[in-house]
Amino acid sequence: MQIKHIFLIILFFSLSVLCFSQQKDQKSIINIESAQKSEYKKDASTGDDSIVLTGQVKISVTKGSNKTTIQADKVNYNRASEMLFAEGNVKLVQSDSSSGGEEITADSLLFNTSTLEGIFDNGRRSEERRVGKE
């Protein structure tokens, strides 16, 4: 009986690690939905390429079942580091197909498009939860 429980625990752990590693290996898809102006810049010190978007910018970042939409006055995206800096009237909406989502407004946002994690300046958060059918 104990061997069966140990086997189930190992199986569950193995499946959890597999699911986590598949999510980690997935690439983020970045879609520029709107911007009034766009330009490419090269950082003089690092040589990294950046995309600078200004004017009613709206970007979506999709990774697996997670979708993050970012709106701002200006967005600077460093392609090499996969870091995005948004400033001015920042709004981030993050949704997951199973758990609902959250909305954050802030003055500025530093966002990692690979890990979907961010740091907000003067942020405010609200959350929406999905309720299952009864």
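Let me open with a single contact: Lys58 and Glu33 form a salt bridge, and their closest N and O atoms are 3.7 Å apart. Lys58 belongs to strand S3 and Glu33 to strand S1, residues 29-34, so this pair ties together parts that are 25 residues apart in sequence. Lys58 counts as partly exposed, at 29% relative accessibility, and Glu33 is likewise partly exposed, with a relative accessible area of 35%. I should state at once that what we are looking at is a predicted model.

Allow me to place that pair in the overall architecture. The protein has one helix and eight strands, and from the N terminus on the order of elements is α-β-β-β-β-β-β-β-β. Of the 134 residues in the protein, 26% are buried. Among contacts with a separation of 6 or more, 40% are between residues 24 or more positions apart. The accessible surface comes to about 9400 Å², and carbon and sulfur atoms account for 53% of it.

I return now to the salt bridges, of which the structure holds four. Besides Lys58 with Glu33, I would like to show two others. In one of them, Asp49 pairs with Lys42, the closest N and O atoms being 3.2 Å apart. Here Asp49 is partly exposed, with a relative accessible area of 34%, whereas Lys42 is exposed, with a value of 58%. In the other, the side chains of Arg125 and Glu102 meet at 2.4 Å, N to O. Arg125 lies in strand S8, residues 124-129, and Glu102 in strand S6, so this bridge ties together parts that are 23 residues apart in sequence. Arg125 is exposed, with a relative accessible area of 56%.

Let us turn to the interior. Which residues have the most contacts inside the largest nonpolar core? They are Ile59, Ile70, Val75, Leu84, Ala86, Leu109 and Phe111, within a core of 17 residues. Strands S3 (49-63), S4 (66-78), S5 (83-96) and S6 each give two or more residues to this core. The largest share, five residues, comes from S3.

Ile59 deserves a slide of its own. Leaving aside neighbours within four places in sequence, Ile59 is in contact with Ile30, Asn31, Ile32, Glu33, Leu53, Thr68, Thr69, Ile70, Val75 and Leu84. Glu33 is thus a contact of Ile59 as well as the salt-bridge partner of Lys58. Among the other contacts of Ile59 are Ile70, Val75 and Leu84, which also appear among the core residues with the most contacts.

Next, a residue in a loop. Thr113 sits between strand S6 (100-112) and strand S7 (117-121). Is Thr113 buried or exposed? At 0% relative accessibility, Thr113 counts as buried, because the limit for that class is under 20%. Not counting residues up to four places away in sequence, Thr113 touches Ser28, Ile30, Val61, Tyr77, Glu82 and Leu84. Two of these, Ile30 and Leu84, are touched by Thr113 and are also in contact with Ile59.

I conclude on the outside of the protein. Phe85, Leu110 and Ile119 make a nonpolar surface patch of about 270 Å². Ile119 is found in strand S7, the strand that follows the loop holding Thr113. The contrast between these two residues is plain: Ile119 counts as exposed, at 60% relative accessibility, while Thr113 is buried at 0%.

Technical notes: Residues numbered from 1 in each chain as written. Predicted model: local features only at pLDDT ≥ 70, side-chain atom pairs only at ≥ 80, totals over all residues. Heavy atoms only, no water. Helix = DSSP H or I, 4+ residues; strand = E, 2+ residues; numbered from the N terminus. Buried < 20%, exposed > 50% of the residue type's maximum accessible area, 1.4 Å probe, protein only. Contact = heavy atoms within 4.5 Å. Core = buried A, V, L, I, M, F, W, Y, C linked by side-chain atoms within 4.5 Å. Patch = residues over 30% accessible without salt bridge, like charges linked within 9 Å, V, L, I, M, F, W, Y side chains within 5 Å. Areas by Shrake-Rupley, 256 points an atom, 1.4 Å probe, with all protein chains shown as cover.
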